[in-house]
Amino acid sequence: MGQLSAVVVGGGIGGLAVARGLIRAGWGVQVLEQAPELRPLGAGITLAPNAVRALDALGLGGALHDRAMAQGAAGIRVRRAMDHAHPP
Ligand SMILES: Cc1cc2nc3c(=O)[nH]c(=O)nc-3n(C[C@H](O)[C@H](O)[C@H](O)COP(=O)(O)OP(=O)(O)OC[C@H]3O[C@@H](n4cnc5c(N)ncnc54)[C@H](O)[C@@H]3O)c2cc1C
């Protein structure tokens, strides 16, 4: 049987992750992206632990860890929820 092949429509993180995974599994992949070029937007992003694990599984953990920095403790505080938790 010949090589399996796939066409992935969209070169965002979702499409590129799928393409990467398929290529690692031996598929031939063509990514179709409507944007004329992919360029940095000059912004940082926060990656949740499950996203980091996914990149590790795709063999991209080393490149990620070379460029990323760990974020310290963070949280979302909602005033109403806190008032409820600690009534006057
Ligand atoms: C301001 C902002 C900040 C964010 N910050 C974070 C963050 O810190 N951490 C985080 O985890 N997430 C963040 N997100 C969310 C994250 O960007 C999205 O969840 C993620 O980019 C979605 O990826 P995607 O591949 O599904 O879609 P997209 O990134 O939207 O990619 C879809 C791609 O498909 C292409 N496309 C669409 N239709 C076609 C077509 N018909 N033919 C060819 N190509 C097509 C588009 O051009 C695009 O490149 C942020 C989003 C925004 C807007």
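Two residues are in contact if their C-beta atoms, placed from the backbone, lie within 7 Å. The contacts reported below come from a predicted model.

The chain has four helices and two strands. Read from the N terminus, these elements follow the order β-α-β-α-α-α. Burial is scarce: buried residues account for 2% of the 88 residues in the chain. Contacts were also sorted by their reach along the sequence. Of those between residues at least 6 apart, 29% join residues at least 24 apart.

The N-terminal part was examined next. Strand β1 covers residues 5–9, and five bridges join it to β2. The two strands run parallel. Individual pairs can be followed across them. A6 stands opposite V29 in β2. V7 has Q30 in β2 as its bridge partner. Both strands are hardly covered. In β1, the count of buried residues among its five residues is zero. Strand β2, residues 28–32, also has five residues, and its count of buried residues is zero.

Helix α1 belongs with these strands. Together, β1, α1 and β2 form a right-handed β-α-β unit. The helix has twelve residues. From its first C-alpha to its last, α1 reaches 16 Å, close to the 16 Å expected at 1.5 Å a residue. After α1 comes G26, and the phi of G26 is positive, near 95°.

The surroundings of the ligand were then considered. The ligand is surrounded by 15 residues. The closest are G10, G12, G14, Q34 and I45. Helix α1, residues 13–24, gives the most to this shell, with three residues. By residue class, the shell holds seven nonpolar residues, seven polar residues and one charged residue.

Two leucines link elements further along the chain. L55 lies in helix α2, which spans residues 49–57. L64 is found in helix α3, residues 61–67. Leaving aside neighbours within four places in sequence, L55 is in contact with L60, G61 and L64. Under the matching exclusion of residues up to four places away, L64 touches V52 and L55. The contact between L55 and L64 thus appears from either side.

How is each leucine covered, buried or partly exposed? L55 counts as buried because 20 C-beta neighbours lie inside 10 Å. The cut-off for a buried residue is 20 or more other C-beta atoms within 10 Å. L64 has 14 C-beta neighbours inside 10 Å, so L64 counts as partly exposed. A residue with 12 or fewer would be exposed.

Distances along the chain and in space complete the description of these leucines. L64 and V52 are twelve residues apart in sequence. Their C-alpha atoms are 8.3 Å apart in space. L55 and G21 are 34 residues apart along the chain. The C-alpha atoms of L55 and G21 are separated by 9.9 Å.

How values were computed: Residues numbered from 1 in each chain as written. Predicted model: local features only at pLDDT ≥ 70, side-chain atom pairs only at ≥ 80, totals over all residues. Near = placed C-beta within 6 Å. Nonpolar A, V, L, I, M, F, W, Y, C, P; charged D, E, K, R; others polar. Pairing = 2+ DSSP bridges. Right-handed = clockwise from strand over helix to strand, strands pointing away. Expected span 1.5 Å × (residues − 1).
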